[in-house]
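Please open the model in your viewer and keep the sequence panel beside it, since each stop on this tour begins with a selection and then says what is found there.

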Amino acid sequence: MTTKPAETGPIDIVDLLFAQHGQIRDLFAQVEATSGDERREAFDKLVRLLAVHETAEEEIVHPLAKRKLPGGEGIVEDRLHEEHEAKQVLKRLDQMDPNDAGFLETLNELRIAVETHARAEERYEFERLRTEFDDAQRRALASAFKSAEAMAPTHPHPGAESAAKNMLAGPPLAVADRVRDMIREAMGKDKRR
């Protein structure tokens, strides 16, 4: 019996990163366009994607950019600062009820920070990674990125914006976050922290 291979999505790290940035933009729009339980569900998806995406970038992409790209150290320092600032806002939002007054205003603050950060990554890191690494290397990096995401925390943890901090603190935080997520989902109650 032959089986069709599973659709794995983009296999190139740069394509994968651009695709996830697109998903993040779409989720921001979905959160803004919905209310009630739909908004909560969309926001939970956004929080999770942002948390695992940024962790994997911090563990895989930024260290490579720092070592391999001309001016990489400064580029990565700027991106890590942006990520820290966005995580602070995301943490505040994660503790709010998505239907509270002020939620959409704070969400817009986060959206601006995330989109500015994403554009800088795309311009200064991602496109340059495409020229620095061949196809096989970029596919291997995509695989490593997906593995890092599988072990990443699902909620923001400001202060863990480096590969070393993520490697030390990430797994225990990921376990705690994923257990908390399962309990919230099973109980079907308010998902605020």
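Begin with the second largest cavity, which holds about 50 Å³ of space in what is a predicted model. It belongs to a count of two cavities of 30 Å³ or more. To bring it into view, select H21, I24, R25, H53, E54, V114, E115, H117 and A118, the residues that line the second largest cavity. The elements that give two or more residues to this lining are helix 1 (13–33), helix 2 (36–68) and helix 4 (103–132), and the largest share, four residues, comes from helix 4. If you colour the lining of the second largest cavity by residue class, you will find three nonpolar, three polar and three charged residues. As background to this stop, rolling a probe the size of a water molecule over the atoms shows where empty space is left.

Next, select helix 4 as a whole, residues 103–132, and look along its length. At 1.5 Å a residue, the 30 residues of helix 4 should span 44 Å, and because its end C-alpha atoms are 41 Å apart, the model agrees with that expectation. Where does helix 4 bend? Centre the view on E122, where helix 4 bends by about 40°.

Helix 2 can be examined in the same manner, by selecting residues 36–68. Its 33 residues should span 48 Å at 1.5 Å a residue, and the end C-alpha atoms of helix 2 lie 46 Å apart, which agrees. Move along helix 2 to E58, and you reach a bend of about 45°.

While helix 2 is still selected, pick out A51, which has its place in this helix. Is A51 buried or exposed? With a relative accessibility of 6%, A51 falls under the 20% cut-off and therefore counts as buried. Now add K87 to the selection: A51 and K87 are 36 residues apart in sequence, while their C-alpha atoms are 8.3 Å apart in space.

The next stop is the largest nonpolar core, which has 19 residues; among its members, F28, F43, L46, L50, L93, L107 and L110 touch the most other members, and these seven make a useful selection to show as side chains. Helix 1, helix 2, helix 3 (72–94) and helix 4 are the elements that give two or more residues to this core, and helix 2 provides the largest share, six residues. In soluble globular proteins, nonpolar side chains tend to be buried together.

Turn then to helix 3, and select L90, which lies in it. L90 has a relative accessible area of 4% and is therefore buried. Show T106 as well, and draw a distance between the two C-alpha atoms: L90 and T106 are 16 residues apart along the chain and separated by 8.8 Å.

G72 also lies in helix 3, and its relative accessible area of 3% means that G72 is buried. Which separation do you find between the C-alpha atoms of G72 and E125? Although their positions lie 53 residues apart along the chain, these C-alpha atoms are separated by 8.3 Å.

To finish, clear the selections and display the whole chain as a cartoon. The chain has six helices and zero strands, so that reading along the sequence gives the pattern α-α-α-α-α-α. Colouring by burial completes the view, with buried residues making up 44% of the 193 residues in the chain.

Notes:
Residues numbered from 1 in each chain as written. Predicted model: local features only at pLDDT ≥ 70, side-chain atom pairs only at ≥ 80, totals over all residues. Heavy atoms only, no water. 1 Å grid on protein atoms, 1.4 Å probe; cavity = no way out; pocket = protein on both sides within 12 Å on 5 of 7 lines; lining within 4 Å. Points joined across faces, edges and corners; volume = space filled by probe spheres on them. Nonpolar A, V, L, I, M, F, W, Y, C, P; charged D, E, K, R; others polar. Expected span 1.5 Å × (residues − 1). Bend = angle between axes of the 7 residues up to and from the residue. Core = buried A, V, L, I, M, F, W, Y, C linked by side-chain atoms within 4.5 Å. Buried < 20%, exposed > 50% of the residue type's maximum accessible area, 1.4 Å probe, protein only.
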